[in-house]
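Colleague: Got a minute to go through this one with me? I'd like to begin with the core, then move on from there.

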Amino acid sequence: MIEVTSLVKTFSDRHSDRVKAVDHVSFKIEEGRFYTLLGPSGCGKTTTLRCIAGLEKPDSGEVEVAGTMVYSSTTGAFVPAYRRAIGMVFQSYAIWPHLTVFENVAFPLRVGKQRYSAEEMRRKVQNALELVELGGLESRMATQLSGGQQQRLALARALVREPQVLLLDEPLSNLDAKLRERMRVELRELQRRLRITTLYVTHDQIEALSMSNVIAVMSAGVIVQEGPPREIYMHPKTQFVAQFIGSTNQLAGRMRGLQGEGACQVETDVGKLSCGMAKDIPVGSEVVVVVRPENVILHTGKPSGVENVVEGKVTTVMFLGEYLDCTIELGRNVVRTHQPHSLQLRRGDAVWVELPSSGCLALSAEELPIAGGIQPDTSDTKNPRLQPD
Amino acid sequence: MRDPALLIPLVGAALLIYLAVLPLFVLVLGSFQVEVAPRQFALTLQNYLAAYASPYTYSTFRNSLVFASGSALLAFALGTTLAWLVERTNTPLRLVFIPIAVVPLILPGVLESIAWIFLLSPKFGYLNVALMSLLGLESAPFNVFSIGGMIWVQAVGQVPLAFLMMVAAFKSMDPSLEESAMMSGAGTWQTLRRVTLRLLMPTSASVLLILLVRSLEAFEIPALIGIPARIFVYTSEIFLAYNEYPPDYGRGAALAIGLLLLSAAGVWLYTRGTRESERFQTVTGKAFRPRQFDLGLWRWAGFGFLALYFVVVVLLPFLVLLWASFLPFFATPNLQALKLLSFDNYNYLFQFAPFSGAMKNSIILAFLSGSVAMLLTSLIAWIVYKSHLPGAWALDFLAFLPVAVPGIVLGMALILLYVAFPLPIYGTIWLLLIAYVTKYLPYGMRAASGSIIQVHRELEEAAAASGASWWQTFKRVTLPLLRPGFVAGWIYIFIVSFREFSTSILLATGESRVLSILLFTMFEQGQVTVVAAIGVVMILTLLTIVAVFYKVSGRVGIQP
């Protein structure tokens, strides 16, 4: 169990101004859950994790790990990093190049307060290595391992002490795409099997969506939305979350009126649209209608009896194997859609675009921080090579 | 491009062979000959017998070994401690200390020795006198004229180098390697012992090796402290062979060959070692925010250490030189001595012809060797990295060769070469110029090749496509692009040439005397306070010229 209450951490930047890296962040990770902090670089997610690890000293707030108050600004408590019941995997793996595989894993047992017999130590290291499928490599030098193996080694080292919680700081970001996909599954399975409370930090939405029990999306030092992956994806509460998770089309407009429970009408450039709505937005205020590309339906002829239909012109058609990626010009707006490749479309064709109201969500327009990875084009889910970093 | 493409590399190779290989060849030859420039060549082993068959030589070797390893270890221990305190702990005021720790680099070895003699001489050394009256001691606690004193002075002179290299090592270490140790349950000291120091071991070995080689090659301290104390090391033995009457060039050459081999072995081990450790590195290419250890109350002990180092090693030598330069004779600082203070020494200097002559020589030589060496190495670096000629790497090797040649050995080799050589430059500053350019080729190469690698080939090809000849391209495109490296290398070579001692001692005579040699001879003659004044002028000149050059090069848009 990890509980963070009102955590604040500031850094002084080059001009010695104070920058709030973490700004009153609070969350609780229940026993055995997989919790992910997701956000663009510089959003404060890694700083939060390092405060929990004890590698940074927060300015104020409280951090409780496995029933122990490891930091509290009110009581002045601060348990140093090496006294916390935590296992951690670093982004660079931090495998010691001067030690063998065995000695890397045995290190936490050697430096701890508790003494182990040689036999016990060998058994524990063996178990940890087998857990990550590195059995038999004990006598290798750590630097002789491949990137993926080093990653597993770092995991074995973090687990060998049987810590109460596991902290993972972008552990997959240095792996190539194929390996990353496999490690996602393995890591998740391992966590579920051990039922170890896990805090995972990443900027990769796919990792967050596929592995977590709960995701907290962070931006500029605060948690903007917290919830299960499905909820985060389907019901983003803010424009930032909608933009950051998955690819999204956005149409600017003005709130016209409510249409019963959680539904509304928005006046946009392309006409009136019926939309869903997460929270009440005052009539007349500026909003953004977000639609996922996979929810957009294309008609080659004008459909009848459906709402939210707009006529447009096909501007690009890209064959991406699994599907067609089409962009459609709707007046001054451009909408991206994913279509089955059976669809015969060519550039310049006239089409009717249906934006089903169940797939449209009206959100208050906000000024977004300029950061990498929030443009819909670059966060394409199907093509990792397009991703930033 | 046709002619220069072949001609220029050939000229470069010829120059390098002339500068770096020919003297060594003559040295080897000379060590097997009965006399210098003999009328008929007759090979003999008698020089080697004279040099290596006497038990006396081996006592010298032992001294050399103790001196070199002792000072290397001490400098390494001091430098590493300072670097760790500054880079990795929360010691108060540690950031202020970084530039301060490098200040002693400006102090030439000759002046450093003199300053420490002023401080630690058993008869009149200020520190000794102060400690004796403070603690009520009967005899002086320190004696600089001992092997321990020599080790100390050599070590503190090397500390800035050790410090800089270890700071770089601490900086380039991924802090998560230490953080993961803490996350594994290791405290500050366990992390330091089990991870930090272990990871630094390959680098430490290289640093120790380079300190060892430099101390083995050093001649300033063996000359100024060792010879009066009658503690002779390898370098002073070569000097004495040359200095006795008549000079025993053969034995000197045979001794020089031995020192050359030792030094070359050290350099070879060093380059091999660094290549090994580079292969060993876990590079992540990330900008690190180094981890700071919380020393708790110990941080005040760390601060005390930094402060003590600053006062004793950085400040005192400068102060004692400054103080002595205003005295008519060496006197303990007290109220009576205050009345003696005057500018007499400085007034004397400005009418003292040998001083102005030596000053002129030193400045001309420093300017010329900086310029010639950088021009030459820029050319060589271009050939090595840009010409794509087969065998171009050999030029790189040739230009690197002098790094393994101790100063005094180079001096010996050049004497043997130019005593017999038809070029009448023996006894002129041109011989010194050749010596300095040769000696600093490796440093120039490093500066020049660092920036030439970054000049894209197409920039030069565009000039050729615009109708520029090879030389025009080199002058108008390549050279200006090399300017940052050129300026940095020039400043460095200027400074080290200006203070050069161990090669000049054999080559600079009469008309060609330079400042460091004038210092040495006047100190031997006992004009210690005039020597202090020369030292002060020397330091001020260095600082002024470096400052002016920085300013000028900054104005024309060069970032050294």
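Modeller: Sure, and keep in mind that this is a predicted model. The largest nonpolar core has 261 residues, and the members that touch the most others are Val289(A) and Met412(B).

Colleague: Which helix gives the largest share of this core?

Modeller: That's helix H7 of chain B, residues 147–171, with 14 residues.

Colleague: And what does Met412(B) touch, leaving out residues up to four places away in sequence?

Modeller: Leu27(B), Ile238(B), Tyr242(B), Gly252(B), Ala253(B), Ala256(B) and Leu506(B). As background, nonpolar side chains in soluble globular proteins tend to be buried together.

Colleague: OK, switching to the contact between the chains. How many residues does each chain put in?

Modeller: Chain A gives 19 residues and chain B gives 20 residues.

Colleague: Which helices of chain B supply at least two residues each to the side that touches chain A?

Modeller: H8 (176–183) and H9 (188–199) of chain B. The largest share of that side comes from H8(B), with six residues.

Colleague: What's the make-up of that side by class?

Modeller: On the side of chain B that touches chain A, eight residues are polar, seven are nonpolar and five are charged.

Colleague: Let's turn to chain A by itself. How many helices and strands does it have?

Modeller: Chain A has eight helices and 21 strands. Its C-alpha trace spans about 80 × 50 × 40 Å along the principal axes.

Colleague: What percentage of chain A is buried?

Modeller: Of the 389 residues in chain A, 40% are buried. On contacts within chain A, take those between residues at least 6 apart in sequence: 65% of them join residues at least 24 apart.

Colleague: There's a six-stranded sheet in chain A I was looking at. What's the strand order?

Modeller: S7-S8-S9-S3-S10-S11, an open sheet with mixed pairing.

Colleague: Which strands are at the edges?

Modeller: S7 (86–89) and S11 (222–227) of chain A, each of which pairs on one side only. On average, neighbouring strands in this sheet are turned by 20° against each other, ignoring direction.

Colleague: Do S10(A) and S11(A) run parallel or antiparallel?

Modeller: Antiparallel, with five bridges joining S10, residues 214–219 of chain A, to S11(A).

Colleague: Which residue in S11(A) is the bridge partner of Ala216(A)?

Modeller: Glu226(A) is the partner of Ala216(A) there. In general, strands of a sheet pair through backbone hydrogen bonds, either parallel or antiparallel.

Colleague: Great, thanks!

Methods
Residues are numbered from 1 along each chain as its sequence is written. Chains are lettered from A and ligands numbered from 1 in the order in which they are written. This is a predicted model: local features need pLDDT of at least 70, side-chain atom pairs count only at pLDDT 80 or more; totals for chains, interfaces and linings use all residues. Two residues are in contact if their C-beta atoms, placed from the backbone, lie within 7 Å. Helices (H or I, at least four residues) and strands (E, at least two) are DSSP runs, numbered from the N terminus. Ala, Val, Leu, Ile, Met, Phe, Trp, Tyr, Cys and Pro count as nonpolar, Asp, Glu, Lys and Arg as charged, and the others, Gly among them, as polar. Two strands pair if DSSP finds at least two bridges between them. Axes are lines fitted to C-alpha atoms, for helices over the stretch in contact, and angles run from 0 to 180 degrees between N-to-C directions. A residue is buried if 20 or more other C-beta atoms lie within 10 Å of its own, exposed if 12 or fewer, and partly exposed in between; C-beta atoms are placed from the backbone. A nonpolar core is a set of buried Ala, Val, Leu, Ile, Met, Phe, Trp, Tyr and Cys residues joined through C-beta atoms within 7 Å.
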